[in-house]
Amino acid sequence: MSQKINGVKGMNDLLPGEIEVWQFVENTARTLFGRFGYGEVRTPMVEDTALFVRSVGEETDIVGKEMYTFEDKGGRSLSLRPEGTAPAARAYIEHSVSNVEPVSRWFYMGPMFRYERMKTGRYRQFSQIGAEAYGAKEPAQDAELMDVVVQFLEALGLTDVTLNINSLGDDNCRPAYHAKLVEYLNAHRDELCADCQQRLERNPLRVLDCKNEKCQAVAGAGPNVLEFLCEPCRTHFTDLQRKLGALGIRYVVNHRLVRGLDYYTRTVFEFIASHPALGTASTVGGGGRYDKMMKGLGGPDVPAVGFAMGLDRLVLLLKEGGKTFTAQPDLFIVAADVDAACQDAALALTSRLRREGFYVEFDTRGGSLKSQMKRADKSGARFSLVLGGDELRTGQAKLKPMAGGDLIPVALGSVAQTLRQAASQPSSPPSLKTRE
Ligand SMILES: [Zn+2]
Ligand SMILES: [Zn+2]
């Protein structure tokens with residue numbers, strides 16, 4: 001026997017039975033983003049490695065340690081995309097979109113790849129959904145983007161979510177803060193974890209992100225970025241908060257929120273959910289403003305704000321919720337006789353009803369009446385219908401409510417009509433009985 005080949009570590013298969021919750025999340029996203037005027041963009045999984053080096057930054061863990069980078073047969077350095085913002089920006093620039101429309105709103109969803117240490121809910125191929133708004137530097141755009149996320153999470157039934165916001169300033173005011181932070185952290189160098197002592201050299205803002213308790217204590221007592229904001233940055237941040245208030249979005253100002261990436265300017269934000277399935281409160285998504293990235297990638301001077309959210313953990317939350325996402329058949333058709341006429345008639349009736357829009361199951365293996373009934377039971381179908389010689393001769397059959405209740409007589413020519421009537425009365429056998 002040949003040796004079995006397994007999937008790649010950290011990359012999962014999604015089989016029917018599990019995919020439905022994903023489809024629910026994806027469909028909800030498409031509806032919600034559509035309502036806000038965000039169009040879907042699909043970029044390739046593979047990009048020029050330089051794109052991520054220049055946008056995400058060489059000093060980040062993502063680019064420094066976690067990318068799947070390889071050389072193709074033409075000797076180009078390519079990488080599997082570790083995130084979606086840079087590819088979307090690359091596409092925006094490449095297609096000169098800013099020449100055609102002053103403001104563009106895009107969303108994307110799909111797999112991203114990072115070679116990370118394995119943890120629950122963390123995979124090397126993981127799924128992200130994100131949105132980017134290009135062309136508007138106003139705080140109303142930041143607020144609108146946060147509103148999409150809030151409404152998306154609400155539509156998924158996740159309401160126990162807190163929005164954290166912060167402003168990182170801009171080129172005008174950040175340098176002063178940066179200098180003060182480095183001075184402060186250097187004075188407390190010995191209290192920081194080994195990782196943070198390294199970060200101090202390369203990307204001191206990242207120290208504020210550290211999960212280590214001692215580092216958090218040091219960061220918490222350090223300089224507050226908000227006190228360094230210049231007038232325009234402060235106005236932007238105050239306006240944003242007023243708009244969030246107008247939208248009825250609850251938020252917390254968290255001056256230690258930095259989001260770990262180099263490219264943010266002004267607004268950064270994170271959505272934190274508390275849920276038993278995730279352990280303690282944990283970040284489900286976040287983003288920020290990146291007004292300088294387009295220019296940095298050789299594109300036009302176009303401001304942008306975006307967010308991204310991991311779907312794997314959202315799906316985990318929804319699964320814990322105990323809701324069923326798998327579709328139940330409307331009808332299971334049972335062929336009572338093994339003869340060809342009966343089998344063919346059952347298959348044809350199944351097909352006809354499917355064309356009418358019903359989800360109908362039929363056992364293609366044939367088999368005994370008993371085994372088919374068992375299958376009908378297991379399928380979770382709402383009704384079953386037995387088709388045998390008698391039914392074919394008289395043109396009359398009976399719908400059996402699988403949850404119990406009286407049989408409903410039905411003419412074989414009007415099964416669709418009867419099913420439709422039953423569907424408009426979702427409660428149960430008793431209501432059907434009253435109708436008789
Ligand atoms: Zn640390
Ligand atoms: Zn500023």
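**Two zinc sites and a hairpin**

Me: With angles of 92 to 121 degrees among its 4 donor atoms, which geometry has the site of the zinc ion (ligand 2)?
Reply: The 4 donor atoms of the zinc ion (ligand 2) make angles of 92 to 121 degrees with one another. This is a predicted model, in which local features need pLDDT of at least 70 and side-chain atom pairs count only at pLDDT 80 or more, while totals for chains, interfaces and linings use all residues. Because four donors fit the class when all angles lie between 85 and 135 degrees, the site of the zinc ion (ligand 2) is tetrahedral.

Me: Which residues are the protein donors of the zinc ion (ligand 2)?
Reply: Residues are numbered from 1 along each chain as its sequence is written, chains are lettered from A and ligands numbered from 1 in the order in which they are written, and side-chain values use heavy atoms, with hydrogens and water left out. Donors are N, O and S atoms within 2.8 Å of the metal (3.2 Å for Na, K and Ca). The donor residues follow the spacing D-x2-C-x56-C-x2-C in sequence, and at 2.2 Å from the zinc ion (ligand 2) lie Asp 170 (OD), Cys 173 (SG), Cys 230 (SG) and Cys 233 (SG).

Me: Is Asp 170 buried or exposed?
Reply: A residue under 20% relative accessible area is buried, one over 50% exposed, and one in between partly exposed (1.4 Å probe, protein chains only). Cys 173, another donor of the zinc ion (ligand 2), falls in the same class as Asp 170, and that class is buried.

Me: How are the donor residues of the zinc ion (ligand 1) spaced in sequence?
Reply: Here the donors are Cys 193 (SG), Cys 196 (SG), Cys 210 (SG) and Cys 215 (SG), which lie 2.3 Å from the zinc ion (ligand 1). Their 4 atoms make angles of 106 to 115 degrees, and this site is tetrahedral. Along the sequence the donor residues of the zinc ion (ligand 1) are spaced C-x2-C-x13-C-x4-C.

Me: Why does Cys 210 count as buried?
Reply: Cys 215, also a donor of the zinc ion (ligand 1), counts as buried because its relative accessibility is 0%. Cys 210 counts as buried too, because its relative accessibility is 9%.

Me: In S16, which residue is the bridge partner of Lys 398?
Reply: Strands are DSSP runs (E) of at least two residues, numbered from the N terminus, and two of them pair if DSSP finds at least two bridges between them. Strand S15 (residues 396-401) runs antiparallel to S16, joined to it by 4 bridges, and the two form a hairpin with 6 residues between them, where Gly 404 in the turn has a positive phi of about 110 degrees. In S16, the bridge partner of Lys 398 is Pro 409.

Conventions. Tetrahedral: all angles 85-135°; square planar, octahedral: opposite > 155°, others 65-115°.
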